[in-house]
Amino acid sequence: MVLKWSDIVRMDGSIPSQPSGFTSDSSSDDQKDNKFLSPISAYTDWWLRTQVTPPEINGIIDTRQDFSLLSFGPDENTANIGVISGPRPGPRQRFYSAHPFEYSPVLGKTRPRAIDNVERSQASLDKEAVIMGIIDDGLALANARFLKMNGDKYMSRAEFFWNQDAELSENIVVGYQVPFGRDWDQTELDGVFDLGRGDQKFPNEEAVYRELQMDKILSTSAQHGTHVMDLATGYDSCDTSANALGEIPSDLSNKRPIIAVQLARIATRESSGAFMSTYVTEALDYILLRAQQLQPETGKKIPLIINFSYGIYSGTLSGNHHMEEWIDIAVKEISKAHDFPIFVTLPAGNSHLGQCFGERQVRRSTSIRLPDAPDFTLRTQPDNKAPTVVEFFWPETEENEPQTLGIDPDLVRGKHEQLTLSQRKSILEAQSEVSSDLGLFLWAPGADKPIVSEITASPNFFHGVELRDTSDRLVGMLYHERLIGLTEMRKTGNDLDDDDDDDDDVEDEYGKGISVPKTAGTSKDNDGNNTPTLLNEVRKLTLVLAPTLFEQSLFSKEVYPCRDLRKFFQKEAAIPAGEWGVSLFRKGNRKEEDTVVVRCQRGDTPFGFRPFGRQSRLIDQHYQPFTPDGRLAENDISDQWVYRHGTMNAIATGRRPIRVGSYRRSNLDRREVPTNNVQSGASIFSSSGFGDEQTDGWPKWRPRKYVDLAAATEINHALPGVQASGMYSGSKFRFSGTSSAAPQIARWLALSISDVLKEGRGRKAVKAQAQSDIGPDKNFANTSSEKRSGVALFKGLVR
């Protein structure tokens, strides 16, 4: 089966009887002809397969329900990304995928400053203001920590707020657009905050949340987003005394305007990040647009700092995840076009002890032979309602002529800073015609014989193979992928090179001090013609195992009146929990071996959601979880294949975001003796870069070596978590993790922005300023492990 871009084809190559998939939301001929513009990812394909009775409306599969990416356009005959709410003037092309190198969201032309009809006065913004952008779940805007005094009453500091799950009333006419949900500007928020206020100075929080359609989301006392937003930009507007950072809260409450985005619940509930791309990239796009509108026409520009406290486990950790590419490109383009500083803070991750990353040598074979034992062991947990996703990456091959990868050389001839949308589509189509040379054996717990992914059937890349047990149950899917990238971009990062933003912590693929080969990228032959651009490629297998407890999605009678209301309908476990064995093979010379990297995707239940997923892990008999004295072990040993290093957040390894780890505050004062075990200072869960442990035998993916900075999210062993606001005003709770560390750095960055900008506008400038702020009476302390806690440790508000 050959994948054609104008058709929607599931990744097993079959064309479903009913169309489903992502489309452009423009009024193009393709859309009028009901032709879909991009393929289903492995995650979405599996989701579709596991729907017992997919709802259908007018003959079209609606895969959104309450938590999918798809819905319908105004004519109900074409699917669109998200829910259409309000007018959408003009075409808006966006392209999303679950694959890093071969295609990713492509930023179109930079939008003009006043793209819509909303005119905002700049008089209310202080000349020393810093705009704080927050992308999260559970944002309690009416909490007193996010208010400012306006006359004789307290109003919201939010200049704009977008609830991606909200519905837009038909009688509301807006002069701006969001792709789904609804947003409010400050004028509208002022009206919302006056609802039910009466003669009180403070707003009626319950009334505000009902109007913003946040009442169900904010139904618990502690919310991840509220906690994060408080750490980043929470202030008591009545407090006139200086805090440990030297901030005067009553002053800064008027100098920290907020642009907040409440992510759609499915984007965070599905912790693998499977449905996150659309919502996060649109949220970032929204904040960048609104920040443009808040910029003064003349004079000093207002800096923007965006915090997104979320992370996933699986990816190449090379800055080429689709969200990472989009963040890097969007921040660069908007910053240059509108000349205002933009910084993004992301958590380094909490998977240091997660046993989700490993690598082993896998020998090639000329024929399929049953191996004596599995290469990898994967443990799935009982009562896991989420699928288990494991990704296998073969080493990257460099400087490939396009024709050797089945790609027309004319497609990539000439100079390219990045692959265009058209090129990415054509490359994907070409790869779907190439037979995969990869395969997999899968042992169920206690099984004597494995399930074989038949390589004799020659599935093409970007197609899937069903994995069925002896009872003909679908226990999983195996997706064959081939990731293509520009050699020049992979070597030099030319697409993002800035004088003040050198990426100083990537492992140079060609050796330090060695220039990029002349054959890379674009060159000219003797006739002066542009030669084809050379390409890099990575082969990849994605294994998706069924949940150990299957839970059917909810159907609403309001949306589907013809269906019975089903609440948490559960079926018998699709697959047994326990240890699954995996062996890999690749056709080729049996004398050759490949270093294959395996990453187990995040699958736990995020904070604030009812129990759903339980994390699966890689099992290694040489992995030592504890030290001889009973402490949790933080270092790797030579014999193991499951590692603690190289576990950084897979969407935080781009060139622009500032990666923030976590450390325990009490470690600053403890003696450095073996019994105290403070060699790194980092929290035991805080993820690690590769450090200087990268060797020649590892895949050359430009992996990020270090975390940038760290902030305290634990006080001591007996008091984990850093205290911040709960949902209601005056309430507090403790929460640990690098999600709490990143907003603290965002807060410090806003306070020190003038000094940082003297150094530059990139990560390098932020780290330089932090290092200059190290001292007993300053904001940072020295670090002892750069790969886990960066160049400096932020002391925070708790001293």
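Student: I'm starting at Ile 134, which stands opposite Asn 307 in strand 11. What makes strand 5 and strand 11 a pair?

Tutor: Two strands pair if DSSP finds at least two bridges between them. Strand 5 and strand 11 have five bridges, in the parallel sense, so they pass that test. Strands themselves are DSSP E runs of at least two residues, while helices are H or I runs of at least four, both numbered from the N terminus.

Student: What sort of model is this, and how are its residues numbered?

Tutor: It's a predicted model, with residues numbered from 1 along each chain as its sequence is written. Local features need pLDDT of at least 70 and side-chain atom pairs count only at pLDDT 80 or more, whereas totals for chains, interfaces and linings use all residues; side-chain values use heavy atoms, with hydrogens and water left out.

Student: Which strand does strand 11 pair with besides strand 5?

Tutor: Strand 12 (residues 342-347), again in the parallel sense, over four bridges. Over there, Leu 304 has Ile 342 as its bridge partner.

Student: Why is strand 11 called mostly covered?

Tutor: Buried means under 20% relative accessible area (exposed is over 50%, partly exposed in between, with a 1.4 Å probe and protein chains only). Five of the five residues in strand 11 are buried. Leu 304, Ile 306 and Phe 308 point one way, Ile 305 and Asn 307 the other, and all are buried. Across the chain of 799 residues, 61% count as buried.

Student: How do you know that His 227 is buried or exposed?

Tutor: Its relative accessible area is 0%, so His 227 is buried. His 227 is found in helix 5, and helix 5 (residues 224-233) has 10 of its 10 residues buried.

Student: What does His 227 touch beyond its sequence neighbours?

Tutor: Contact means heavy atoms within 4.5 Å. Leaving aside neighbours within four places in sequence, the contacts of His 227 include Val 722, Gln 723, Phe 733, Arg 734 and Ser 740. His 227 and Ser 739 are 512 residues apart in sequence, yet their C-alpha atoms are 9.6 Å apart. The buried residues of helix 5 pack against elements including strand 11 (304-308), strand 28 (722-725) and helix 12 (738-751).

Student: Are helix 8 and helix 9 roughly parallel or roughly antiparallel, and what makes them so?

Tutor: Helix 8 (residues 277-294) and helix 9 (residues 322-338) pack at about 10 degrees, with their axes 11 Å apart. That makes helix 8 roughly parallel to helix 9, because angles under 35 degrees count as roughly parallel, over 145 as roughly antiparallel, 65 to 115 as roughly perpendicular and the rest as oblique. The axes are lines fitted to C-alpha atoms over the stretch in contact, and the angles run from 0 to 180 degrees between N-to-C directions.

Student: Which residues meet there?

Tutor: Among them, Val 280, Leu 284 and Leu 288 in helix 8 meet helix 9 residues including Met 323, Trp 326 and Ile 327. The residues of this contact divide into eight nonpolar, five polar and one charged. (Nonpolar covers Ala, Val, Leu, Ile, Met, Phe, Trp, Tyr, Cys and Pro; charged covers Asp, Glu, Lys and Arg; the others, Gly among them, are polar.)

Student: Why are strand 18 and strand 24 called edge strands?

Tutor: Five strands form an open antiparallel sheet in the order 18-17-22-14-24. Strand 18 (451-452) and strand 24 (617-618) each pair on one side only. Strand 14 (residues 376-380) is joined to strand 24 by two bridges, with Arg 379 opposite Arg 617.
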